[in-house]
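Biologist: Could you take me through the aromatic pairs of this structure in some detail, with attention to how the rings are placed and how far they are covered?

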Amino acid sequence: MRHRTQVAIIGAGPAGMFLAHMLRADGIDALVIERRDRAYVEGRVRAGVLEQGTVALMRRLGLSDRLEREGLVHGGTNLSVDGDVFRIDMAALTDGATVTVYGQQEVMRDLFGAAEARGVPIVWDAEDVALDGLDGDHPGVTWRREGVAHRLDCDFVVGCDGYHGVSRGAIPADVLRTFERVYPFGWLGGLADVPPACHELIYANHERGFALASMRSPTRSRYYIQCALDEDVADWSDDRFWDELCLRLGRDTAATVTRGTLFEKSIAPLRSFVAEPMRWGRLFLAGDAAHIVPPTGAKGMNLAVSDVTMLGAALAEHYRDHSDAGIDHYSARALARAWKAERFSWWFTSITHRFPTMDAFDRRIQVAELDYLRGSTAAQRALAENYVGLPLEAA
Ligand code: RFL
Ligand code: PHB
């Protein structure tokens with residue numbers, strides 16, 4: 001079967017779906033092609049913290065009704081060093097900027113619900129997705145679904161298909177340059193229907209390793225502990241998880257932890273990765289297809305959103321104003337912002353985690369860095385402005 005659209009979007013994650021809604025709002029035709037089904041994409045427990053720019057985009061697209069009701073607005077965040085907690089008043093340090101706790105799963109539900117209501121088309125369960133003609137004027141996407149071969153003719157292809165997608169690989173090897181750091185540990189995450197230990201997040205550096213107290217709602221907590229990469233989730237009983245978490249958070253915070261049954265226990269590896277350029281011919285990359293950050297700065301999904309905010313505006317300029325300035329600058333602008341988020345996520349990871357190669361000197365430097373943060377408004381402001389999200393125009 002043969003189809004035609006203006007913009008083909010590969011992948012129905014946050015990058016692909018936000019872009020589809022932006023294009024729809026600008027009257028540009030797009031088709032989203034996704035490998036999995038809706039339940040699978042909606043079911044993935046991932047990010048929890050939205051930057052202001054992400055919240056603003058949801059409002060602009062008329063997708064924020066539930067977010068306004070259920071999102072938890074946080075003006076501060078907490079750091080803990082061997083159990084000693086201090087707060088960073090992000091709002092006071094940044095002219096009132098905040099972040100909003102609202103799970104990626106909720107964002108996806110809102111995006112898919114509105115896509116259905118507004119007739120934004122999505123092809124689910126697309127197999128063997130392949131791109132062609134990207135360096136000419138007639139790019140296309142092919143796939144198979146229920147045994148039927150499909151071909152889509154389009155003006156542009158946007159690869160929003162995540163780290164394991166096919167789009168990045170369509171850029172010739174002699175053009176594509178990649179940069180990578182793989183961290184020698186992972187995060188073991190657990191979700192429980194218990195009230196959070198604290199009304200804000202706590203990022204804890206402990207001699208035994210990193211821990212994070214986060215949440216999804218006033219009745220659902222999300223906790224993480226740093227673990228070795230070769231660990232088996234099956235070895236982590238609920239009791240062992242809670243005991244280790246409480247040790248790392250320290251006695252005062254542990255006293256406020258409510259234990260309960262943990263569901264969605266899983267281990268995620270930590271990685272920093274950037275692919276350059278983010279445009280090749282008529283192909284653009286956005287989100288995890290182009291870059292991965294370790295989750296410490298809560299930047300992954302927000303970075304996907306800032307990419308497509310720039311790209312959506314550039315495509316609107318192309319169709320509405322017949323100007324390719326935005327398209328031509330997309331890769332450089334998106335990479336400039338992505339690298340700043342890479343730097344922040346790498347730095348925040350490096351001061352909060354226990355590295356296997358660390359000696360006593362490294363540990364003292366880490367503790368000194370956190371102590372400096374505790375005492376310096378300048379250092380706190382630098383953390384705060386990155387955490388709430390750098391403005392797009394700074395990219
Ligand atoms: P996604 O969300 O990976 O979506 C890509 C979509 O493309 C589909 N796909 C294909 N479709 C068609 N053809 C193919 N060949 C395809 N290959 C893949 C996939 O099925 C999928 O639906 O990328 P996107 O849109 O760029 O969004 C990025 C964010 O999802 C990601 O950055 C964050 O979830 C990262 N992340 C976190 N970010 C945060 O900000 N805070 C967090 O706490 C946080 N925790 C996490 C995370 C990512 C995790 N991963 C990747 C496993 C925890 C985990 C465990
Ligand atoms: C989460 O709630 O899943 C979360 C929050 C903050 C992070 C990472 C993950 O930095």
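Modeller: What follows is a close look at the aromatic side chains. The model is a predicted one, and the count of aromatic pairs in it comes to 18. One of these is formed by Phe156 and Phe284, whose ring centres are 5.8 Å apart and whose planes make an angle of 50°, so that the pair is classed as tilted, neither under 30 degrees as stacking asks nor over 60 as an edge-to-face arrangement would. This pair links distant parts of the chain, since Phe156 belongs to strand E13 (residues 156-159) and Phe284 to strand E20 (residues 283-285), with the two positions 128 residues apart. Phe156 has a relative accessible area of 3% and is therefore buried, the limit being under 20%, and Phe284, with a relative accessible area of 0%, is buried by that rule too.

A further pair is made by Trp347 and Phe348, and here the arrangement is stacked, with 6.0 Å from centre to centre and 20° between the planes. Trp347 is buried because its relative accessible area, at 16%, is under the 20% limit, while Phe348 counts as buried at 0% relative accessibility. Both Trp347 and Phe348 also belong to one aromatic cluster, and the other members of that cluster are Trp187, Tyr203, Phe210, Tyr224, Phe344 and Tyr387.

Methods. Residues are numbered from 1 along each chain as its sequence is written. Chains are lettered from A and ligands numbered from 1 in the order in which they are written. This is a predicted model: local features need pLDDT of at least 70, side-chain atom pairs count only at pLDDT 80 or more; totals for chains, interfaces and linings use all residues. Side-chain values use heavy atoms; hydrogens and water are left out. Rings of Phe, Tyr and Trp (its six-membered ring) pair if their centres lie within 6.5 Å; planes under 30 degrees apart count as stacked, over 60 as edge-to-face and the rest as tilted. Helices (H or I, at least four residues) and strands (E, at least two) are DSSP runs, numbered from the N terminus. Buried means under 20% relative accessible area, exposed over 50%, partly exposed in between (1.4 Å probe, protein chains only).
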